[in-house]
Amino acid sequence: MTQTYENYIGGEWTGSESGETQDVTNPADESDIVSTVPVSSTAETDEAVAAAVDATDEWAGMPGPERGAILRETGEILKSQKDELAETLTREEGKPLGEAEGEVQRAIDIFYYYAEKARDFGGTVKQPSGGRAGLQTKKEPMGVAALITPWNYPIAIPAWKIAPALAVGNTVVIKPAMQAPTVGAKIIEALDEAGIPDGAINLVCGPGSEVGERLTTHDDVDVVSFTGSASVGEHVYDQATNNGKRAQAEMGGKNPTVVMPSADVDKAADIVGAGAFGGTGQACTATSRAIVHEDVYDEFLDAVVDYAESLEIGNGLERAGMGPHVSEDELAGSLEYIDIAQDEGATLETGGEELTGGEYDAGNFISPAVFSDVEPDMRIAQEEVFGPVLAVIPVSDFDEGVEVANDIDYGLSASVVTEKIEEENEFIERSESGVVKVNEKTTGLELHVPFGGLKRSSTNTYREQGDAGLEFFSYIKTVYRNS
Ligand code: NAD
């Protein structure tokens, strides 16, 4: 069934001024049109920002528990639609239904979590130095928040930006990625049904080059939260901060798992395989480098190749082990890197082929690729591919493993697989990444702890999720009381 969505501005669903629309198609089956959304420009963006400005006093002035009640009700509405949301997510983004169900549950939990936080975001009471009656801090909303999101977690990422922004009392304009805007629009529908005041949440669908650009430069936008690629994120961050806004940009990764000889090699291959090929490798935290001690290199390589070859590839609605790339462009990007890696001298052990014939002809399918003989300075070991492509790099000891893991422009998530506590501790100390894991895959995050990266993975100004999510969307006011 094709769903039609419009922009949501000032509490009304409205089309784009031009009347132009875009079909969102299923990457596993191009004949399946998931939704139709408007293609908007700066005019609609300006209207949405104006609506958000108008709603600021009402929303910020509402007591926190009342804002929280709307967020909780939003979570309840999403929960009641969980199966339908997961199916829509799989249809527009491609990930297998089980992964989509997990992502939808995460969005529901995020709304529950920030519903409670809206009641109490802290503040401190301090001992005054002189004879004053009081010295304290309190948190205030920033104002209008512009949220720009990618397609790869199309419900979780909008949720983890919208919920904390609203909890603190900001009004919001969100621009989702045009490859997968539908489940994000369903959050807006749920907020509307939950009774959010007109203008407190606004949705504008359109290209980043117009809607996104406008949001990062508009005088009435106070904060910009972006998640997406490093090249776009760096531009967004520079533009937003040059225009006087608080900004955060969470960007790409090239995440390593270091495998040491003390590890159970089959367990290590399962950890790396799940991290590399889950979500078709289209996760910012996907494992794209296995850095493996030479003593277990051959054994590990065999095991991870077996893992890749055991994955059933197909339509996520049929609970395949791995779904398609989200778009033809993304598929072409992976295939290009597979050629580059071979030209550089890496050995393609398995996969890396566009799948054709039968149901594959209707979608953007590729077999998961494993490369051996990868040198740390090859492009396949340095650049984000954003597909199911794993580089396996040999090292001769733990120190070299850590150095190779760190010798990169990105620093989002890193893990080590070892049975030695000294190696665990040293890896945690020395890893140059925002998230460090021991005996776990690099993907998968809890919602109540901070998330963000170092180097080109993040502007590293603020973190997202947990209490850190609230910090970004609020400022601290210090109150001297001499009453
Ligand atoms: P992208 O950078 O192409 O697009 C992200 C968003 O920015 C989209 O909504 C897009 O329309 C918008 N945009 C594009 N040009 C813009 C401009 N000039 N001004 C303002 N907005 C603009 O990224 P993508 O392909 O949607 O997502 C994949 C990327 O996201 C990968 O690099 C991945 O690693 C990264 N990602 C990072 C995290 C994280 O938390 N660090 C999470 C998920 C994805």
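**The ligand site in a predicted model**

Mentor: In this predicted model, a polar side-chain atom of Glu 384 is placed 2.6 Å from an oxygen atom of the ligand.

Trainee: How much of the accessible area of the ligand does the protein cover?

Mentor: On its own, the ligand has 850 Å² of accessible area. The share of this area covered by the protein is 88%.

Trainee: Which backbone lies 3.3 Å from an oxygen atom of the ligand?

Mentor: Polar contacts to the ligand are counted for N or O pairs within 3.5 Å. A side-chain example is Ser 229, with a polar atom 2.6 Å from a ligand oxygen. The backbone N or O atom at 3.3 Å belongs to Gly 228.

Trainee: How many residues of the shell around the ligand are nonpolar, polar and charged?

Mentor: The ligand is surrounded by 27 residues, and Thr 149, Glu 213, Ser 229, Met 251 and Glu 384 come nearest. Elements that each supply at least two shell residues include α7 (208–217), β11 (223–227) and α8 (230–242). By class, the shell has 14 nonpolar, 9 polar and 4 charged residues.

Trainee: Where does the ligand lie with respect to the domains, and why?

Mentor: The space that the ligand takes is the largest pocket. Residues of the shell come from both domains, so the ligand lies between domain 1 (3–251 + 458–482) and domain 2 (255–438).

Definitions and conventions
Residues numbered from 1 in each chain as written. Predicted model: local features only at pLDDT ≥ 70, side-chain atom pairs only at ≥ 80, totals over all residues. Heavy atoms only, no water. Near = heavy atom within 4 Å. Polar contact = N/O pair within 3.5 Å; in protein donor to acceptor, adjacent residues only side chain to side chain. Areas by Shrake-Rupley, 256 points an atom, 1.4 Å probe, with all protein chains shown as cover. 1 Å grid on protein atoms, 1.4 Å probe; cavity = no way out; pocket = protein on both sides within 12 Å on 5 of 7 lines; lining within 4 Å. Sits in = over half its atoms within 2 Å of the grid points. Helix = DSSP H or I, 4+ residues; strand = E, 2+ residues; numbered from the N terminus. Nonpolar A, V, L, I, M, F, W, Y, C, P; charged D, E, K, R; others polar. Domains from an automatic or database assignment.
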